[in-house]
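Let's take a walk through this protein, from the inside out. Have the sequence and the 3D view handy.

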Amino acid sequence: MNEEQTTIYDRIMLAVSVGQGGFFFLDAPGGTGKTFVISLILPEIRSNNGIALAVASSGIAATLLDGGRTAHSVFKLPLNIQNNPDAVCNIKKQSSMATVLKRCKIIIWDECTMAHKHSLEALNRTLKDIKNSDKLFGETLLVLSGDFRQTLSVIPRSTYADEINACLKSSPLWRNVEKLQLKINMRVQMLQDPSAETFSKQLLDIGDGKVAIDETGNVKLPTDFCTIADLQDTLIEQIFPDAHTQYINHEWLAERAILAAKNVDVDNINLKIQMLLP
């Protein structure tokens with residue numbers, strides 16, 4: 001561990017040993033070793049016969065944690081959580097899950113920035129009820145981790161104001177949080193790669209709103225950030241050159257992909273590439 005990671009590890013393990021709960025947010029941009037620190041905390045607690053719950057807002061993030069599951073699966077959160085400000089988790093007080101929540105030493109919630117604030121508030125009400133306590137989260141130690149520069153809660157047919165209102169920072173619980181930060185990018189430090197350092201800084205600048213914006217309100221990407229293709233056909237030609245002959249080469253195919261924000265674009269690009277195949 002580097003110095004930052006050691007400080008955070010020691011702070012959380014101190015809170016675990018004191019056993020009086022706590023509410024932490026680990027603010028860590030991609031590549032700073034957040035999952036690495038979490039992966040050290042979980043087995044340390046479990047090796048001493050303690051219960052440590054690891055949850056994440058998305059299934060992909062949950063697979064990176066040892067014993068990780070999605071928050072909806074573990075806490076039995078209602079599916080209409082965004083329309084339900086007084087929601088509670090569907091966990092009965094006499095159930096085995098309630099026993100686990102009573103006894104657990106720590107709950108770690110990764111990629112929490114994607115969660116709706118009502119999810120956090122529902123967890124707070126449920127833990128208070130299960131543990132018969134008026135303290136925050138029923139004196140359970142809760143560690144949230146994520147990066148607010150990345151994907152926030154998705155609200156269908158919403159305005160910017162709705163998105164901000166749904167954010168965890170808009171919850172009255174947020175004023176109780178103790179913030180921990182990781183800033184050193186481990187990928188840059190380990191590889192000693194100047195281009196990786198430049199790319200990392202550019203990503204943070206975009207997330208922090210420090211890049212120029214054009215007259216339409218769109219972010220202007222730095223010239224050395226990426227190659228911009230004006231047409232879909234140009235993009236396809238650059239990513240899948242000679243697709244009509246190379247399509248039988250599985251290794252060649254597995255090394256390239258085109259991502260798009262909307263399904264309609266995915267279908268359109270898919271169809272165009274398929275038309276190139278004999």
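What follows goes from the core to the aromatic rings and then to the surface.

Keep in mind that this is a predicted model. Start in the middle: the largest nonpolar core has 33 residues. If you want to find its hubs, look for Phe75, Leu101, Ile107, Trp109, Leu120, Leu142 and Leu144, which touch the most other members. Several elements chip in with at least two residues each, among them strand 1 (22-27), strand 2 (52-56), helix 5 (96-103) and strand 5 (141-146). Helix 6 (117-130) is on that list too, and its 5 residues make up the largest share of the core. As a rule, nonpolar side chains in soluble globular proteins tend to be buried together.

Now for the rings. The model holds 8 aromatic pairs. Phe75 and Trp109 form one that is tilted, with 5.7 Å from centre to centre and 50° between the planes. This pair ties together distant parts of the chain: Phe75 sits in helix 4 (residues 71-75) and Trp109 in strand 4 (residues 106-110), 34 residues apart. Both Phe75 and Trp109 are buried.

Ring pairs also join Phe23, Phe25, Phe137, Phe148 and Trp174 into a cluster. Phe148 has a charged visitor as well: Lys169 lies over its face, 4.6 Å from the ring centre.

Finally, head to the surface. Tyr247, Ile248, Leu253, Leu276 and Leu277 make a nonpolar patch of about 420 Å² there. Leu277 lies in the segment after helix 13 (263-276). With a relative accessible area of 32%, Leu277 counts as partly exposed, because that label covers values between 20% and 50%.

Technical notes. Residues are numbered from 1 along each chain as its sequence is written. This is a predicted model: local features need pLDDT of at least 70, side-chain atom pairs count only at pLDDT 80 or more; totals for chains, interfaces and linings use all residues. Side-chain values use heavy atoms; hydrogens and water are left out. Rings of Phe, Tyr and Trp (its six-membered ring) pair if their centres lie within 6.5 Å; planes under 30 degrees apart count as stacked, over 60 as edge-to-face and the rest as tilted. Helices (H or I, at least four residues) and strands (E, at least two) are DSSP runs, numbered from the N terminus. Buried means under 20% relative accessible area, exposed over 50%, partly exposed in between (1.4 Å probe, protein chains only). A charge sits over a ring if NZ of Lys or CZ of Arg is within 6 Å of the ring centre and within 35 degrees of the ring normal. Patches are made of residues with over 30% relative accessible area and no salt bridge: like charges are joined within 9 Å, nonpolar side chains (Val, Leu, Ile, Met, Phe, Trp, Tyr) within 5 Å. Accessible areas come from the Shrake-Rupley method with a 1.4 Å probe; for residues, only the protein chains shown count as cover. A salt bridge is a side-chain nitrogen of Lys or Arg within 4 Å of a carboxyl oxygen of Asp or Glu. A nonpolar core is a set of buried Ala, Val, Leu, Ile, Met, Phe, Trp, Tyr and Cys residues joined through side-chain atoms within 4.5 Å.
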